[in-house]
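Please look through the sequence and the structure shown here, and then follow the report section by section.

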Amino acid sequence: MSQDLLEATLDEQFPPEQEETPEFVPVPHALVPHLSETAILLDIDGTLLDLMPTPREVWVPPGLARTLNRLLRRTSGALALVSGRSLNDIDLIFAPDQFPAVGGHGAEMRLATDAEAVDIHAPPREKELKRRLAAIAKLSPGILLEDKGYSLALHYRLAPHAENAIYEAVSLIRADLPNAPIEVLPGKLVCEIKHSGFTKATGVHELMSREPFKGRRPLFIGDDVTDESVFGIMPEFNGLSFSVGRRVRGVDGHFDAPRDVRQFLARLLDDESATAAS
Ligand SMILES: [Mg+2]
């Protein structure tokens, strides 16, 4: 069966998700180069997937994995997820699908779905530091400590009043351990503490130097403060960047919500199908 026939059959079996609202397309599709020249780089939480009260509760809406797999084929493998989550965690969320990815804020990378993960940076976090950061979760019920492998995250979506107390406690620890190579990443109702030697931008830089990403024009979509480092390097690759949920200076456009990103990605496939057919 040809690829097109196969996809047509799949389309019948799995109609596109119905939750999308078709009228809102904030980013002109004309901006996006042909998929054969593009590398699609996507943050996960708050970009592809809606944020949930706790990070364990995120879920992949129907149709998204299929869209990503089709984009992966159309870009000859140049699609990658770029996340603060570890590759293990990313795979659990998208199981049984696997995608190329930059995980742990640039700590690890996988270049192809069937490739082994490459550890770019795997610094041991000091036990004392971890113990003290973990104690911050005791400041208030509702503060959730997540060990992301390469970083620790204190989520306070369920205890927003604790924000100041959390950041004050982190500052105290940093003052006590001035030589600890750590960096604090403020996020959306989350305070993340990671090793300072790498970022999503260093991970994407590394990714873009390898096949099949090398030489392509990256299109990056992200929503959080940690994604801004990637927005910053897109001009180096003549790339495009889009923010989600807020307008960020210097990006090429923005989406209101993850739902709009999912719709945009599905439209990329439709647009190219239409071009191919005409
Ligand atoms: Mg995000």
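## Strand S1 and its partners

In this predicted model, Ala 39 of strand S1 stands opposite Pro 218 in strand S10. This pair belongs to a parallel arrangement in which 5 bridges join S1 to S10, the strand formed by residues 217–222. S1 is also joined to strand S2 (residues 79–82), again in parallel, and here the number of bridges is 3. Leu 42 of S1 has Leu 81 as its bridge partner in S2.

The connection from S1 to S2 involves a helix, since S1, helix H2 (residues 64–74) and S2 make a β-α-β unit that is right-handed. S1 itself, which spans residues 38–42, is mostly covered, with 5 of its 5 residues buried. Both of its faces are covered: on one side Thr 38, Ile 40 and Leu 42 are buried, and on the other side Ala 39 and Leu 41 are buried as well.

## An open antiparallel sheet

Strands of a sheet pair through backbone hydrogen bonds, and the pairing may be either parallel or antiparallel. Elsewhere in the model, 4 strands form an open sheet with antiparallel pairing, and their order is S6-S7-S9-S8. Strand S6 (144–147) and strand S8 (182–186) stand at the edges, where each has a single partner strand, so one side of each is left without a neighbour in the sheet. From one strand to the next, the twist averages 20 degrees.

The pairing of S6 with strand S7 (residues 151–155) is antiparallel and comprises 4 bridges; Glu 146, for its part, has Ala 153 in S7 as its bridge partner.

## Helices on the sheet

Helix H4, made of residues 127–136, lies across S6, S7, S8 and strand S9 (190–195), and it runs at about 10 degrees to S7. Helix H5 (residues 163–176) also packs on the sheet, where it touches S7, S8 and S9, and its direction makes about 20 degrees with that of S9.

## The surroundings of Gly 104

Gly 104 is placed in the loop between strand S3 (101–103) and strand S4 (108–110). Is this loop residue, Gly 104, buried or exposed? Gly 104 counts as buried because it has 30 C-beta neighbours inside 10 Å, where the cut-off for a buried residue is 20 or more.

Leaving aside residues up to four places away in sequence, Gly 104 touches Gly 84, Ser 86, Lys 148, Gly 149, Tyr 150 and Ser 151. Thr 199 is 95 residues from Gly 104 in sequence, and the two are 8.5 Å apart in space, C-alpha to C-alpha.

Technical notes: Residues are numbered from 1 along each chain as its sequence is written. This is a predicted model: local features need pLDDT of at least 70, side-chain atom pairs count only at pLDDT 80 or more; totals for chains, interfaces and linings use all residues. Helices (H or I, at least four residues) and strands (E, at least two) are DSSP runs, numbered from the N terminus. A residue is buried if 20 or more other C-beta atoms lie within 10 Å of its own, exposed if 12 or fewer, and partly exposed in between; C-beta atoms are placed from the backbone. Two residues are in contact if their C-beta atoms, placed from the backbone, lie within 7 Å. Two strands pair if DSSP finds at least two bridges between them. A crossover is right-handed if, with the strands pointing away from the viewer, the path from the first strand over the helix to the second runs clockwise. Axes are lines fitted to C-alpha atoms, for helices over the stretch in contact, and angles run from 0 to 180 degrees between N-to-C directions.
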